[in-house]
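Colleague: I should be grateful for a close look at a single part of this model, the lining of its largest pocket. Which element supplies the largest share of that lining? Please then place that part in its surroundings.

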Amino acid sequence: MFTERKSSMLHGILLIALFSCAAFYIGDAQIFKELSFSPMIIGIILGMLYANSLRNHLPETWVPGIQFCAKKILRIGIILYGFRLTFQDIINVGAAGILIDIIIVSVTIIGGVYIGKLLKMDRDIALLTSIGSGICGAAAVLGAESTIQTKPYKTAVAVATVVIFGTISMFIYPVAYRSGILGLTPDEMGIYAGATLHEVAHTVGAGNAMGTEISNVAIIVKMIRVMLLVPVLFSLGYWIARQNPTGNNTSKGKVAVPWFALGFLAVIGFNSLDLLPQMAVDTINYIDTFLLTMAMVALGAETSIDKFKKAGAKPFVLAFILYIWLLAGGWALSKYMAPLFL
């Protein structure tokens, strides 16, 4: 019986892995490269297509394998994400980028949760949308999802909002900078892009379109935002524990401390020592992207159109409000605060 259950789980995992391979293959198409659509984004789209077509025609015994990808593999992927970062990045960018990142992340998350209350939104969707907008898009949403253990469709809704607005910004920023509308120096523009663009891929795409000088600063500032995922997850774990003071064995009580965040931080520390050759780090990052893509496919596979309808338009209204804040607030901070430290 145990062997049969294990085999069924393996079928679910292999199904998700197959979709992930397809996401990587599709991601190699030139149009998706130009749009900076990572395999993770393509993966959740494929998962949602599966959820709304073949989902009811495959054995239910495969579901545990899909859920394993959405939970366990997701946490491994978040831990290995630390190989993209080093503590030296913080030193290189200086106080301006660090302070602006902290302000952007704090105001976006706290403000987003508050606005979500005013809109009478689902609390988890408001939180995930705010964290995705404030830190690093899909990867941050996945990290938060793994902490609060919410329903997969809520994660998919949050990811959809950051993808839409992040992609819009990726095209707007280079045009606005080159036209002189923003009135920012290259260093200020690098800080602005890194502190406000949603996905790492969006930052890379927009940065490359504006030149190496801006791109280098933008990517470092963006990576510091990614590092802020660790204190945010621990704060989130503490908040969840406060919401469940009785300590009973509910799902939320079990995840009060996101231990995978410690693993993420430990990997950053190890990577900062520069003990591995670059080829090994690149290989790990490639594997990590595949694992995160599997997690995205699995989350998408639990998301039907009906659940999107259930969420309604409010998540996109919230994401739009946060987007305006990132555009205006990020510009003001980069224009008037950054010069004090540069």
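Modeller: The element with the largest share in the lining of the largest pocket is α10, which gives 4 residues. The model is a predicted one, and the values below are computed from it.

Helix α10 covers residues 200-210 and is one of several contributors. At least two lining residues also come from each of α1 (2-27), α2 (30-34), α3 (39-51) and α15 (278-300). The lining of this pocket therefore draws on helices from widely separated stretches of numbering, as the ranges from α1 (2-27) to α15 (278-300) show. In total, 23 residues line the largest pocket. Nearest its centre lie Ser38, Pro39, Arg84, Ala201 and Thr289. The volume of the largest pocket is about 630 Å³. By class, its lining holds 13 nonpolar, 6 polar and 4 charged residues.

The second largest pocket may be described in the same terms. Its volume is about 420 Å³, and 17 residues line it. Among these, Ile109, Ile110, Leu127, Val232 and Ser235 lie nearest the centre. Two or more residues of this lining come from each of α5 (88-118), α6 (123-134) and α12 (229-243). Helix α5 gives the most to it, with 8 residues. The lining of the second largest pocket divides into 13 nonpolar, 2 polar and 2 charged residues.

We may now return to α10 and go on to α11. Ser215 lies in helix α11, and Ser215 touches Gly207 and Asn208, when residues up to four places away in sequence are not counted. Gly207 and Asn208 fall within the range of α10, 200-210, so this contact links α11 with the helix that gives the largest share of the pocket lining. Is Ser215 buried or exposed? Ser215 is buried, because its relative accessible area is 4%, and buried means under 20%. The C-alpha atom of Ser215 is separated by 8.7 Å from that of Gly194, although the two residues are 21 residues apart along the chain.

Helix α11 itself comprises residues 212-227, 16 residues in number. From its first C-alpha to its last it reaches 23 Å, close to the 22 Å expected at 1.5 Å a residue. Its buried residues are Ile214, Ser215, Val217, Ala218, Val221, Lys222, Met223, Ile224, Arg225, Val226 and Met227. This list includes the charged residues Lys222 and Arg225 together with nonpolar ones such as Ile214 and Val217. In an α-helix there are 3.6 residues a turn, so residues three or four places apart point the same way. In helix α11, Ile214, Val217 and Val221 are among the buried residues.

From α11 the path leads to the interior. The largest nonpolar core has 75 residues, and Ile131, Ile135, Val159, Val226 and Met294 have the most contacts inside it. Helix α15 gives the most to this core, with 8 residues. In soluble globular proteins, nonpolar side chains tend to be buried together. Ile135 shows how the core meets α11: leaving out residues up to four places away in sequence, Ile135 touches Val105, Ile109, Ala140, His198, Lys222, Arg225, Val226, Leu228, Leu229 and Val232. Lys222, Arg225 and Val226, among these partners, are buried residues of α11. Ile109 and Val232, also touched by Ile135, are two of the residues nearest the centre of the second largest pocket. There is also a second, separate core of 14 residues, which includes Tyr173, Ala176, Tyr177 and Leu184.

Two loop residues offer a contrast with this buried part. Lys120 is found in the loop between α5 and α6. Lys120 is exposed, with a relative accessible area of 72%, and its phi is near 55 degrees, a positive value in a residue other than glycine. Asp274, in the loop between α14 and α15, also has a phi near 55 degrees. Asp274 is exposed because its relative accessible area is 64%, and exposed means over 50%.

Shortly before Asp274 comes Ser272, which belongs to helix α14 (residues 259-272). Ser272 counts as buried, at 13% relative accessibility. Apart from its neighbours within four places in sequence, Ser272 is in contact with Thr86, Phe87 and Gln88.

Definitions and conventions. Residues numbered from 1 in each chain as written. Predicted model: local features only at pLDDT ≥ 70, side-chain atom pairs only at ≥ 80, totals over all residues. Heavy atoms only, no water. 1 Å grid on protein atoms, 1.4 Å probe; cavity = no way out; pocket = protein on both sides within 12 Å on 5 of 7 lines; lining within 4 Å. Points joined across faces, edges and corners; volume = space filled by probe spheres on them. Expected span 1.5 Å × (residues − 1). Buried < 20%, exposed > 50% of the residue type's maximum accessible area, 1.4 Å probe, protein only. Core = buried A, V, L, I, M, F, W, Y, C linked by side-chain atoms within 4.5 Å. Contact = heavy atoms within 4.5 Å.
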